[in-house]
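Here is a report for a reader who is new to this structure. It begins with one chain, then turns to its partner and to the place where the two touch.

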Amino acid sequence: MTMIFGIPLPALLGQLLIGFINGSFYALLSLGLAVIFGLLRVINFAHGAQYMLGAFAAYLLLAHTGIGFWPALVIAPLVVAAISAVIERTMLSRLYDLDHLYGLLFTFGLALILEGTFRWYFGAAGQPYAQPQILSGGTNLGFMFLPNYRGFVVVASIVICLSVWLLIEKTRLGAYLRAATENPQLVQAFGVNVPLLLTLTYALGAGLAGLAGVLAAPIYQVSPLMGSNLIIIVFAVVVIGGMGSIGGAIVTGYVLGILEGLTKVFYPEASNIVVFVIMAVVLMLRPAGLFGKEI
Amino acid sequence: MRMDRILLAATVAAGVAVPAGAFAQEVSDDVVKIGILNDQSGVYADFGGKWSVAAAEMAAEDFGGSVLGKPVQIINADHQNKPDIASNIAREWYDTQQVDAIMELTTSSVALAVQGLSKEKGKIDIVTGAATTELTGKQCSPYGFHWAYDTHALAVGTGGALVKAGGDSWFFLTADYAFGYSLEEQTANFVKENGGEMLGEVRHPLASNDFSSFLLQAQSSGAKVIGLANAGLDTANAIKQASEFGIVQGGQKLAALLFTLAEVHGLGAEAAQGLNLTEGWYWDQSDENRDFAERFMKKTGRMPNMIQAGTYSAVLQYLKAVKAAGTDETKAVAAKLHEMPVEDLFAKNGKVQENGRMVYDMYLFQVKKPDEMKGDWDFYNEVLKVPGNEAFLSVDKSGCDVSSFAK
């Protein structure tokens with residue numbers, strides 16, 4: 001059997017694939033964060049809570065109305081987006097003129113309140129959420145047993161990441177968005193409703209978190225803590241990719257998922273810090289991140 | 001405070017047996033204050049959490065709300081599974097809040113830290129939520145007690161059952177801290193003593209979300225049993241993902257070494273069915289238990305597990321000991337705790353060893369299939385009883401140097 005660094009090749013391939021699957025979640029979440037930061041300059045600490053909300057929305061839809069995974073994949077992100085839009089309009093938008101720190105503190109507080117409320121109501125052990133029937137079971141790839149659902153997650157995440165990137169970089173709406181953040185007065189003068197654009201952007205970012213939450217629900221326990229475990233890593237991903245760089249966030253998400261997966265094979269104890277070690281190194285060598293523009 | 005000391009010294013010096021009750025004034029600061037310190041927001045928040053606080057309050061109420069004519073007060077705090085935070089809270093409680101004893105202490109690293117501090121301060125701690133046998137082993141304290149369960153009991157109960165059923169090769173997924181090591185080591189020893197072998201282990205950080213990488217390593221090891229030496233949300237996620245990767249269907253068995261009713265409920269009967277697990281108490285074992293569980297349900301909206309019922313027992317026993325000692329002075333109460341049998345709804349004929357370990361019978365349970373369940377919390381079938389003297393280490397085997405305890 002071929003060995004690489006003492007690990008059999010098939011095992012290594014399996015771990016690479018798993019890293020890629022986890023990277024899919026990192027990419028989806030860091031994408032939403034990067035959109036919000038890139039366009040609104042808000043450091044959205046509530047992102048983990050919005051991800052958790054998405055998972056819980058799917059769970060509640062199933063438990064109380066019998067609405068299954070596929071409709072939830074659309075409805076839950078919309079619910080999260082709507083809630084987030086209300087929050088943005090009534091509260092967050094008042095902080096745009098202040099230092100970034102206020103937005104950070106506000107969203108951090110919001111995350112604590114949301115998570116605390118859900119923990120009070122649902123407990124920490126979380127709720128189970130079944131996989132959709134059609135994706136249950138798995139496929140033997142020869143080097144590993146790939147659960148069909150995880151395969152679906154990878155495909156879905158790539159499609160979503162690409163679509164959002166195209167939306168922002170290549171469409172007229174995306175151009176408005178980018179222009180509105182560059183020079184809001186000028187864009188407003190052209191008759192574009194800038195506050196509405198900003199609300200939509202925040203809702204889009206939050207909706208992406210909600211979507212990731214729905215995708216995560218069948219894999220992880222639907223728990224109030226699921227977001228807080230992830231949010232710090234995702235922030236590191238965004239920092240490494242370069243704050244505000246949407247393409248950077250996506251690519252970095254996948255790459256870090258794979259690096260973390262490899263760490264789990266070679267030195268599992270370090271698997272929860274490897275991302276931060278990389279972040280520190282990147283910040284020293286390229287303070288603007290791998291894909292960010294030098295300031 | 002000083003007055004109490006003088007009175008006590010006088011009593012001791014006189015060497016006369018004074019009837020209990022005669023020293024009703026022997027309660028420091030006119031209140032008996034018990035601090036429940038545990039994880040209320042992290043991965044173990046369901047394991048004990050604020051529900052343990054509710055159980056402690058029930059014990060205080062059931063005792064009558066006062067002891068030796070002074071009120072009993074329960075306070076609580078969230079230690080976030082961090083030993084440094086826990087030590088700071090404990091120090092503040094002992095130094096400025098007149099707390100007489102700290103209990104629950106989920107998470108072994110935290111329990112060890114707080115027990116060390118309590119020993120230094122000459123205060124009583126009763127651990128119900130942490131697992132490591134170190135608490136009554138090398139790091140034992142003359143004022144430290146371990147209720148409910150420990151890693152040895154889990155190894156003997158769950159590990160023993162699986163070895164007997166032919167699971168003679170093991171691979172461990174181990175939480176990377178004191179508790180995980182202790183649980184892994186003791187289970188591995190037990191497996192080896194019974195003719196089994198160890199094929200490897202992987203240590204994962206606390207609160208890992210994704211276990212697929214570790215599970216894949218366990219899968220390719222070919223071990224018959226995958227031992228989950230972790231707890232709480234970590235174990236629940238590992239079990240859920242193991243079924244996703246076809247591990248159980250592939251013929252490997254999962255041993256959730258520390259899994260309680262709270263996590264089974266969170267995981268759901270579908271994913272948890274057939275799991276073997278060890279607990280010291282189950283709500284549906286007797287009328288007395290059902291009665292307590294019903295009251296608990298009314299107060300909290302959930303059924304208690306062994307941590308919560310154990311906390312009830314620990315608080316109750318502490319108050320009984322204070323009453324019997326006629327004071328809340330640490331040495332006198334500790335002596336009573338060591339001496340008095342534990343006889344309540346949690347433990348029958350329980351004995352506290354010299355090293356502080358409360359010895360009572362544990363049970364091996366198996367989680368029912370969903371169609372066998374009669375109600376929302378009807379999860380367990382009792383498989384067998386593990387007698388206390390087999391479940392827990394004796395004082396000589398514990399590694400605790402009891403001769404070092406100053407009399």
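## Spans of chain A

In chain A, residues 266-285 are 65% helix and 0% strand, and the end C-alpha atoms of this span lie 25 Å apart. The model is a predicted one. Where does the choice of span come from? UniProt, in an unreviewed entry, gives the feature "transmembrane region" for residues 12-35, 42-62, 68-88, 100-122, 149-168, 189-219, 231-259 and 266-285 of chain A. Another of these spans, residues 68-88 of chain A, is 95% helix and 0% strand. Its end C-alpha atoms are 29 Å apart.

Chain B also has a record of this kind. UniProt lists "domain: Leucine-binding protein" (unreviewed entry) at residues 32-368 of chain B. That stretch is 45% helix and 20% strand, with 42 Å between its end C-alpha atoms.

The table sets the three spans side by side.

| Span | Helix | Strand | End C-alpha atoms apart |
|---|---|---|---|
| Residues 68-88 of chain A | 95% | 0% | 29 Å |
| Residues 266-285 of chain A | 65% | 0% | 25 Å |
| Residues 32-368 of chain B | 45% | 20% | 42 Å |

## Two domains in chain B

How is chain B divided? The domain assignment gives domain 1 as 2-13 + 24-149 + 286-352. Domain 2 of chain B is 158-279 + 362-370 + 377-389. The C-alpha centres of the two domains of chain B are 29 Å apart. Domain 1 of chain B puts 18 residues into the contact, and domain 2 of chain B puts in 21 residues.

On the domain 1 side, two elements of chain B give two or more residues: α4 (108-121) and α12 (306-325). The most comes from α4(B), with three residues. By class, this side of domain 1 of chain B has ten nonpolar, six polar and two charged residues.

One helix pair deserves its own look. The axes of α4(B) and α6 (residues 178-193) of chain B come within 7 Å. They cross at roughly 110 degrees. An angle of 65 to 115 degrees counts as roughly perpendicular, and α4(B) and α6(B) are therefore roughly perpendicular to each other. From α4(B), the contact uses B:Ser108, B:Ser109 and B:Leu112. From α6(B), it uses B:Ala178, B:Phe179 and B:Ser182. This contact of α4(B) with α6(B) has three nonpolar, three polar and no charged residues.

## The sheets of chain B

Now the strands. One open sheet of chain B has six strands in the order β2-β3-β1-β4-β5-β6, with mixed pairing. Which strands stand at its edges? They are β2 (66-67) and β6 (144-146) of chain B. Each has a single partner strand, so one side of each is left without a neighbour in the sheet. Within this sheet, β1 (residues 32-38) and β4 (residues 101-104) of chain B pair in the parallel sense over four bridges. B:Ile36 has B:Met103 in β4(B) as its bridge partner.

Another open sheet of chain B has four strands, ordered β8-β7-β9-β10, with parallel pairing. Here β8 and β10 (253-256) of chain B stand at the edges; each has a single partner strand, so one side of each lacks a neighbour in the sheet. On average, neighbouring strands of this sheet are turned by 20 degrees against each other, direction ignored.

Strands β7 (residues 169-175) and β9 (residues 225-229) of chain B run parallel and are joined by five bridges. B:Leu173 stands opposite B:Leu228 in β9(B). Two helices pack on this sheet. α6(B) touches β7, β8 and β9 of chain B, and its direction makes about 170 degrees with that of β7(B). α7(B) also touches β7, β8 and β9 of chain B, and its direction makes about 170 degrees with that of β8(B).

## Where the chains touch

How many residues does each chain give to the contact? Chain B gives 36 residues and chain A gives 30 residues. On the side of chain B, at least two residues come from each of β8 (197-204), α7 (212-221), α8 (232-244), α9 (261-267) and α10 (269-272). The largest share, six residues, belongs to α8(B). The side of chain B that touches chain A divides into 13 nonpolar, 15 polar and eight charged residues.

Technical notes:
Residues are numbered from 1 along each chain as its sequence is written. Chains are lettered from A and ligands numbered from 1 in the order in which they are written. This is a predicted model: local features need pLDDT of at least 70, side-chain atom pairs count only at pLDDT 80 or more; totals for chains, interfaces and linings use all residues. Domain bounds come from an automatic or database domain assignment. Two residues are in contact if their C-beta atoms, placed from the backbone, lie within 7 Å. Ala, Val, Leu, Ile, Met, Phe, Trp, Tyr, Cys and Pro count as nonpolar, Asp, Glu, Lys and Arg as charged, and the others, Gly among them, as polar. Axes are lines fitted to C-alpha atoms, for helices over the stretch in contact, and angles run from 0 to 180 degrees between N-to-C directions. Angles under 35 degrees count as roughly parallel, over 145 as roughly antiparallel, 65 to 115 as roughly perpendicular and the rest as oblique. UniProt positions are given in the numbering used here, feature names are shortened, and annotations may be inferred rather than shown by experiment. Two strands pair if DSSP finds at least two bridges between them.
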